[in-house]
Amino acid sequence: MPSSTRTVFSLIIINKAGGLIYQREYQAGLRSLSTNDYLVLAGTFHGYDPPHNQCPLDISTSLDGIPIANEYLRHSVHAITRSITPKLPLAQTSPALTSPSGNAPVGFSYPNPGVPASGLEHLETEKFRLTCFQTLTGTKFLLFTDPMTGNVDTIMNKIYELYADYVMKNPFYQLEMPVRCEAFDRHLGAWLRGRT
Amino acid sequence: MTVYSFYIFDRHAECIYKRRWLPRPASIVGKSRSTENAAQSGQAGTGQTMRATDDDSKLVFGTVFSLRNMVRKLGGDEDNFVSFNTSQYKLHYYETPTNTKFVMLTDTKSPSMRIALQQIYINLYVEYVVKNPLSPAEHPGGVGVNNELFEESLEQFVQTRVLS
């Protein structure tokens, strides 16, 4: 297979507070940004997709209705892409549609009932494809690949696996802090090189 | 394939046209399809619905604007943002050389609508709006594209896309 179909340009890891904790380039192809631009990019994807069928409008209020500290979570691009999800009005005569959408307000459902509304997952441009994967704890992995690259999910799963093994199991790694684990760099680099 | 909505933004970030299509409620599928459809779209076109979606268009613009800038920074000036999808919908984007932006929201399974948006621009927008001597070149204050021919042909275009 030609190498362009398997190209991985770079990987970015964002902690759940929207901070950039890891950034590596594996193949040239994309312009490299200034540190500040990388931080801006990380902030763009700040935002948390509730794993359950939670109404996105409720995310910023706690049970008492008091806004939680992360009110600004709703204002990142990632969160806005979720909030502009088209809402389909429900017909009164179709109770079948209301049940799978859980506690969404009565009156509308999402296009894919049963699937929680998420923020941006894949972004495609003429030159690259960006895949955004969020772990259950809110850490985000942004993977930049060639638009023709197949099986991005497999790559993402492997990266997550390596992250769990070499970062999370490292006793010296402090949560939410920049990832400086040599073993992670080495294994991830070797695995990605082995693929191409 | 389902089309949820369609927006046009001019180069001053003003939303000059927006249109939402409400899908048929599940209960009436099969019977009186065309009449219901017409009633639905008529409802979507009224002023009240339009106002309720006003904030939507601003959010859509903000999103595509930030993403486009990010894409330009990463991919170089000649790179173009094509589409993104979430678990619920897919957003397609097309920008003309004069910075008019065409945005369409469809369901996640739809193929790339880049060509379709380009066709809307070339065959409908340029023909009916740009070449219309009575239509203003700029749209301050948000009157927007108010053109029966354009709306009708857009409606027709989307209908044929949905059915195919």
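Here are a few friendly notes on this predicted model, taken point by point.

1. To start with the overall layout, chain A holds 5 helices and 7 strands. Read from the N terminus, its elements follow the order β-β-α-α-β-α-β-β-β-β-α-α. You may like to keep that string at hand while going through the points below.

2. On packing, chain A has 196 residues, and 34% of them are buried. Among the contacts in chain A with a separation of 6 or more, 50% are made by residues 24 or more positions apart.

3. Next comes the meeting of the two chains. How many residues of chain A are in contact with chain B? There are 37 on the chain A side, and they touch 33 residues of chain B. Two helices of chain A, H1 (35–44) and H2 (77–83), each give two or more residues to this side, as do strands E3 (88–89) and E5 (122–125) of chain A. H2(A) provides the largest share, with 5 residues. By character, the chain A residues that touch chain B comprise 19 nonpolar, 11 polar and 7 charged.

4. The strand pairing across the chains deserves its own point. E5(A) is joined to strand E3 (residues 81–85) of chain B by 4 bridges, and the two strands run antiparallel. If you want a place to begin looking, A:His122 stands opposite B:Asn85 in E3(B). E5(A) is also one of the elements that give two or more residues to the side touching chain B.

5. Now a backbone detail at A:Asn151. This residue has a phi near 55 degrees, which is a positive value in a residue other than glycine. Where does A:Asn151 lie? It sits in the loop between strand E7 (140–145) and helix H4 (152–168) of chain A. Is A:Asn151 buried or exposed? A:Asn151 counts as exposed because it has 12 C-beta neighbours inside 10 Å, and the cut-off for exposed is 12 or fewer.

6. A second residue to look at is A:Glu176. Its phi is near 70 degrees, again a positive value in a residue other than glycine. A:Glu176 belongs to the loop between H4 and helix H5 (182–195) of chain A. With 11 C-beta neighbours inside 10 Å, A:Glu176 therefore counts as exposed.

7. To pull the last two points together, H4 of chain A borders both loops: the one from E7 that holds A:Asn151, and the one leading to H5 that holds A:Glu176. Each residue has a positive phi, near 55 degrees for A:Asn151 and near 70 degrees for A:Glu176.

Definitions and conventions:
Residues are numbered from 1 along each chain as its sequence is written. Chains are lettered from A and ligands numbered from 1 in the order in which they are written. This is a predicted model: local features need pLDDT of at least 70, side-chain atom pairs count only at pLDDT 80 or more; totals for chains, interfaces and linings use all residues. A residue is buried if 20 or more other C-beta atoms lie within 10 Å of its own, exposed if 12 or fewer, and partly exposed in between; C-beta atoms are placed from the backbone. Two residues are in contact if their C-beta atoms, placed from the backbone, lie within 7 Å. Ala, Val, Leu, Ile, Met, Phe, Trp, Tyr, Cys and Pro count as nonpolar, Asp, Glu, Lys and Arg as charged, and the others, Gly among them, as polar. Two strands pair if DSSP finds at least two bridges between them.
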